[in-house]
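I opened this one to see which charges pair up, how the helices sit against one another and what shows on the surface. My notes follow in the order I looked things up.

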Amino acid sequence: MITVSLHRLDLKPGSRILDIGCGTGRHAGAAIRYRDIFVVATDIGLAPLQTARSNLGVQKKLGEAQSPWSLCAADITRLPFGDESFDAVICSEVLEHIPDHSQAVCELKRVVKPGKMLAVSVPRCVPEHICWRLSKQYRTAQGGHLRIYTRKGLTDLMARAGFVLCRRHTAHSLHTPYWWLKCLVGPSRADWPIVRLYHRFLVWEMFRKPRAARLLESLLNPVLGKSIVLYFRKGKK
């Protein structure tokens with residue numbers, strides 16, 4: 001499930017891309033399909049990195065990987081990279097989990113080159129508020145979401161660090177009702193038939209990508225989009 005549109009990151013041959021909080025490697029996997037770039041994917045947990053390594057390795061065996069990549073364990077508040085190391089940075093569905101998000105943003109500023117792009121996505125305000133109201137377990141889960149961002153609040157946070165908003169969009173409207181259903185029955189429960197059925201639909205939609213479902217999602221995204229994606233450019237010195 002790709003949240004960030006990579007073509008909006010101004011990627012060019014020789015670009016170095018950092019995917020922070022890579023999880024299973026969804027964005028890193030999309031990035032290595034580009035030619036003549038280098039992708040670094042990080043996560044704080046070893047288990048996600050092992051899955052990402054497996055997924056990226058499969059792409060390499062299938063000949064889908066056009067560019068080299070590497071993985072490393074890293075904390076977003078203490079990134080093990082030099083200043084101005086990357087031409088593009090992806091930070092998708094990460095900041096809402098970080099206690100010191102101001103320090104995390106400072107690190108994002110430090111590692112991206114002046115004039116280059118940063119893509120940040122977080123859960124959208126209204127759908128996330130509904131999830132919090134429907135389920136105490138959802139909002140208090142260990143390692144879960146610590147805060148709800150408004151678009152203005154996140155933009156202001158990034159602006160204080162020297163980032164300029166370039167464009168934005170919403171994504172994953174078909175996933176919003178699924179999370180509302182999970183919150184109603186209990187986020188940790190997967191045994192309810194309607195939840196299982198909706199999950200099967202989402203998996204089918206992600207792998208088959210039927211035109212009708214893509215059109216429906218694009219129409220619903222402005223209203224029901226689960227995530228908001230903001231694209232920033234770091235100010236030049």
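**Ground rules**

Before counting anything in helices, I pinned down the word: a helix here is a DSSP run of H or I with at least four residues, and the numbering starts from the N terminus. I also noted that this is a predicted model.

**Helix H6**

With that settled, I went to helix H6, residues 151-160, which holds both Lys-152 and Asp-156. They sit four residues apart, about one turn of the helix. I checked the side chains and found a salt bridge between Lys-152 and Asp-156, with the closest N and O atoms 2.7 Å apart. How exposed is each partner? Lys-152 has a relative accessible area of 59%, so I put it down as exposed. Asp-156 comes out at 29%, so I wrote partly exposed.

**The other salt bridges**

I then asked how many salt bridges the structure holds. The tally is nine. As a reminder to myself, side chains of opposite charge can pair when their charged atoms come close.

Next I looked at Glu-107 and Arg-110, whose side chains meet in a salt bridge at 2.8 Å, N to O. Both belong to helix H3 (residues 101-111), and because they are three residues apart there, about one helical turn separates them. Glu-107 has just 9% relative accessibility, and since the cut-off for buried is under 20%, I logged Glu-107 as buried. I followed this pair outward and found that Asp-83 joins in: Asp-83, Glu-107 and Arg-110 are linked in a network of salt bridges.

Then I turned to Asp-10 and Arg-233, whose side chains form a salt bridge of 2.7 Å, N to O. Which parts of the chain does this pair link? Distant ones: Asp-10 is in the segment before strand S1 (16-20), Arg-233 is in strand S7 (residues 227-234), and their positions lie 223 residues apart. Both are partly exposed, Asp-10 at 31% relative accessibility and Arg-233 at 27%.

**Helices side by side**

I moved on to H4 and H7. Their axes are 8 Å apart and the two pack at an angle of about 15°. Angles under 35 degrees count as roughly parallel, so I noted H4 and H7 as roughly parallel to each other. H4 passes H7 in a right-handed crossing.

How does helix H7 (residues 176-185) run against helix H8 (residues 193-208)? Their axes come within 10 Å and cross at roughly 155°. The cut-off for roughly antiparallel is over 145, so H7 is roughly antiparallel to H8. I marked this crossing, H7 past H8, as left-handed.

**A nonpolar patch**

I went over the surface for nonpolar side chains. Val-126, Ile-130, Leu-134 and Leu-184 form a nonpolar patch there, with about 340 Å² of accessible area together. Which helix gives the most to the patch? Helix H4 (residues 125-134) does, with three residues. I picked out Val-126, which is in helix H4; Val-126 has 54% relative accessibility, so I call it exposed.

**Positive phi values**

I scanned the backbone and stopped at Asp-36, where phi is near 60°, a positive value in a residue other than glycine. Asp-36 lies in the loop between helix H1 (26-31) and strand S2 (38-43). Is Asp-36 buried or exposed? Its relative accessibility is 53%, so Asp-36 counts as exposed.

Glu-93 also went on the list: its phi is positive, about 60°, although Glu-93 is not a glycine. I placed Glu-93 in the loop between strand S4 (86-92) and H3.

**Two distance checks**

Finally, I took two C-alpha distances. Ala-213 and Leu-174 are 39 residues apart along the chain, and their C-alpha atoms are separated by 8.7 Å. Ala-213 is in helix H9 (residues 211-224), and its relative accessibility of 9% means I list Ala-213 as buried.

For Pro-193 and Pro-13, 180 residues apart along the chain, the C-alpha separation is 48 Å. Pro-193 has its place in helix H8, and at 56% relative accessibility I noted Pro-193 as exposed.

Conventions:
Residues numbered from 1 in each chain as written. Predicted model: local features only at pLDDT ≥ 70, side-chain atom pairs only at ≥ 80, totals over all residues. Heavy atoms only, no water. Patch = residues over 30% accessible without salt bridge, like charges linked within 9 Å, V, L, I, M, F, W, Y side chains within 5 Å. Areas by Shrake-Rupley, 256 points an atom, 1.4 Å probe, with all protein chains shown as cover. Salt bridge = Lys/Arg side-chain N within 4 Å of Asp/Glu carboxyl O. Buried < 20%, exposed > 50% of the residue type's maximum accessible area, 1.4 Å probe, protein only. Axes fitted to C-alpha atoms, helices over the stretch in contact; angles between N-to-C directions. Parallel < 35°, antiparallel > 145°, perpendicular 65-115°, else oblique. Left-handed = near helix turned anticlockwise from the far one by under 90°.
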